[in-house]
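Welcome, and please open the structure in your viewer. We will walk through it one selection at a time.

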Amino acid sequence: MPAPRVTVMGSFVADLAFRTDKLPAWGETFMGRSFQLGPGGKGSNQAVAAARAGAKVSFISKLGNDPFGDLARTTYHHEGIDTRHLLTTSTPTGAAAILLDAHTGENAIIVVPGACFELTPEEVDNMKDLIAASAIFVTQLELALPTVEHGLQLARSLNVPTILNPAPACKLPASIFPHCDFITPNETEAEILTGIQVTTLADAERAADALLALGVRNVIVTLGAQGAFVKNATTAAHVPAFNAGPVVETTGAGDAFTGGLAVALAEGKDLLHAARFGCAVAGLSVTRPGTAPSVPTRPEVDALMRTT
């Protein structure tokens with residue numbers, strides 16, 4: 001069976017990761033343990049995850065003509081990602097400062113989107129043929145919101161299933177939800193979207209019900225080490241996480257999940273199987289440092305699912 005086409009519209013930013021024993025207070029300078037520069041941005045990470053999971057991936061975004069933009073182009077060439085729909089601007093490519101707890105792997109992140117935030121609805125319209133030929137369309141919230149909503153609306157009008165990863169968390173207009181076939185908030189994002197604090201599986205189901213009532217067709221609330229809770233008109237289930245080894249870093253786990261979910265859905269898997277596949281991709285990713293560099297390959301994911 002030929003690999004399905006997954007189109008991701010989203011951000012690229014360079015990840016500048018600092019591993020530290022504590023977060024400095026305002027005005028304080030603190031010596032960190034290590035530093036690493038690598039490719040990042042939610043859209044870019046999800047595109048890499050989908051490519052490594054076995055899909056043919058096209059990435060829609062905008063980059064600057066600078067070293068960070070060159071890092072993106074090199075990454076996509078290495079991963080076999082279609083770059084024909086990457087646009088260029090004079091605005092610098094964005095960056096993310098990632099502060100990592102050296103003991104727990106937890107993170108705090110500051111993102112400046114830069115060039116990708118200039119992507120316009122009119123430019124997305126020029127990608128209509130690509131989107132129409134896709135098995136699924138994925139986007140997030142590190143682009144201008146009108147562009148995100150327009151991309152979802154365009155894909156739906158072309159009968160292409162859509163995934164919205166509503167991150168970074170923010171309030172969204174009610175008009176965006178009916179364009180979402182699938183939505184993948186974590187606990188924090190689900191609370192911001194619905195006003196329901198998610199600390200238990202019952203809370204996750206209540207938040208899912210609220211999103212379904214807004215017009216979303218399938219809700220997947222990601223729960224970190226607890227896996228995910230999925231719900232649609234006919235299914236409600238908890239999908240446990242995979243334990244693939246000691247946790248090294250959680251940065252990018254949500255992107256790994258969404259990329260894996262997209263591939264499984266594009267391959268025609270049902271919601272529960274697709275969520276389980278996404279959990280396996282995320283479970284492997286947290287055992288390694290980095291965001292895109294931590295994403296596993298398809299043979300690794302298949303092996304984990306067979307043995308768990």
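Where does Ile196 lie? Select Ile196 and you will find it in the loop between α6 and α7 (201–213). Before going on, please note that this is a predicted model.

**A first stop: Ile196**

Is Ile196 buried or exposed? Its relative accessibility is 15%, under the 20% cut-off, so Ile196 counts as buried. Now show what surrounds this side chain. Setting aside residues up to four places away in sequence, Ile196 touches Ala190, Glu191, Asp203, Arg206, Ala207 and Ala210. If you like, add Lys171 to the view: its C-alpha atom is 13 Å from that of Ile196, and the two residues are 25 apart along the chain.

**Into the cores**

Next, select Val6, Val57, Ile81, Ile136, Ile163, Ile220 and Phe257. These are the residues with the most contacts inside the largest nonpolar core, which has 47 residues. Which helix gives this core its largest share? Colour helix α9 (residues 271–285), which supplies 9 residues. As general background, nonpolar side chains in soluble globular proteins tend to be buried together.

Stay with Ile163 for a moment. Not counting residues up to four places away in sequence, its contacts are Ile136, Phe137, Val138, Thr139, Leu152, Phe182, Thr184, Thr258, Leu261, Ala262 and Leu265. There is also a second, separate core of 35 residues, and you can locate it by selecting some of its members, including Met9, Leu154, Leu164 and Ala208.

**A cluster of rings**

How many aromatic pairs does a search of the whole structure find? There are 3. Select Phe12 and Tyr76 and look at the angle between their rings. The ring centres are 6.4 Å apart and the planes stand at 85 degrees, so this pair is edge-to-face. The two partners come from distant parts of the chain, 64 residues apart: Phe12 is in the loop between β1 (5–9) and β2 (13–20), while Tyr76 is in helix α2 (residues 67–79). Both Phe12 and Tyr76 are buried. Add Phe59 to the selection, and you have the cluster that ring pairs form from Phe12, Phe59 and Tyr76.

**Two pockets to look into**

Turn on a surface view and select Asn186, Thr250, Gly252, Ala253 and Gly254. Of the 46 residues lining the largest pocket, these are the closest to its centre. The volume of the largest pocket is about 1,100 Å³. To follow its lining, colour β2, α1 (42–52), β6 (93–101), β7 (107–114), α6 (187–194), α8 (253–266) and α9, the elements that each give two or more residues. Which element gives the most? That is α8, with 5 residues. Sorted by class, the lining of the largest pocket has 20 nonpolar, 19 polar and 7 charged residues.

For the second largest pocket, select Ala17, Gln36, Leu37, Glu249 and Gly290, which lie nearest its centre among the 16 lining residues. This pocket holds about 200 Å³ of space. At least two lining residues come from each of β2, β3 (34–40) and β6, and β3 has the largest share, with 6 residues. Here the classes are 8 nonpolar, 5 polar and 3 charged residues.

**Val295, later in the chain**

Now move to Val295, in the loop between α9 and α10 (298–307). Val295 is buried, with a relative accessible area of 4%. Select Val48 as well: its C-alpha atom is 7.6 Å from that of Val295, although 247 residues separate the two along the chain. Beyond its neighbours within four places in sequence, Val295 is in contact with Ala49, Arg52 and Arg288.

**Two backbone details**

For the last stops, show the backbone. Most residues other than glycine have a negative phi, and most peptide bonds are trans. Which form does the peptide bond from Ala167 to Pro168 take? That bond is cis, with omega near 0 degrees, and Pro168 is in the loop between β9 (162–164) and β10 (182–183).

Finish at Asn159, in the loop between α5 (145–157) and β9. Asn159 is not a glycine, yet its phi is positive, near 65 degrees. Is Asn159 buried or exposed? Asn159 is exposed, with a relative accessible area of 70%.

Technical notes. Residues numbered from 1 in each chain as written. Predicted model: local features only at pLDDT ≥ 70, side-chain atom pairs only at ≥ 80, totals over all residues. Heavy atoms only, no water. Core = buried A, V, L, I, M, F, W, Y, C linked by side-chain atoms within 4.5 Å. Buried < 20%, exposed > 50% of the residue type's maximum accessible area, 1.4 Å probe, protein only. Helix = DSSP H or I, 4+ residues; strand = E, 2+ residues; numbered from the N terminus. Contact = heavy atoms within 4.5 Å. Phe/Tyr/Trp six-rings, centres within 6.5 Å; stacked < 30°, edge-to-face > 60°. 1 Å grid on protein atoms, 1.4 Å probe; cavity = no way out; pocket = protein on both sides within 12 Å on 5 of 7 lines; lining within 4 Å. Points joined across faces, edges and corners; volume = space filled by probe spheres on them. Nonpolar A, V, L, I, M, F, W, Y, C, P; charged D, E, K, R; others polar.
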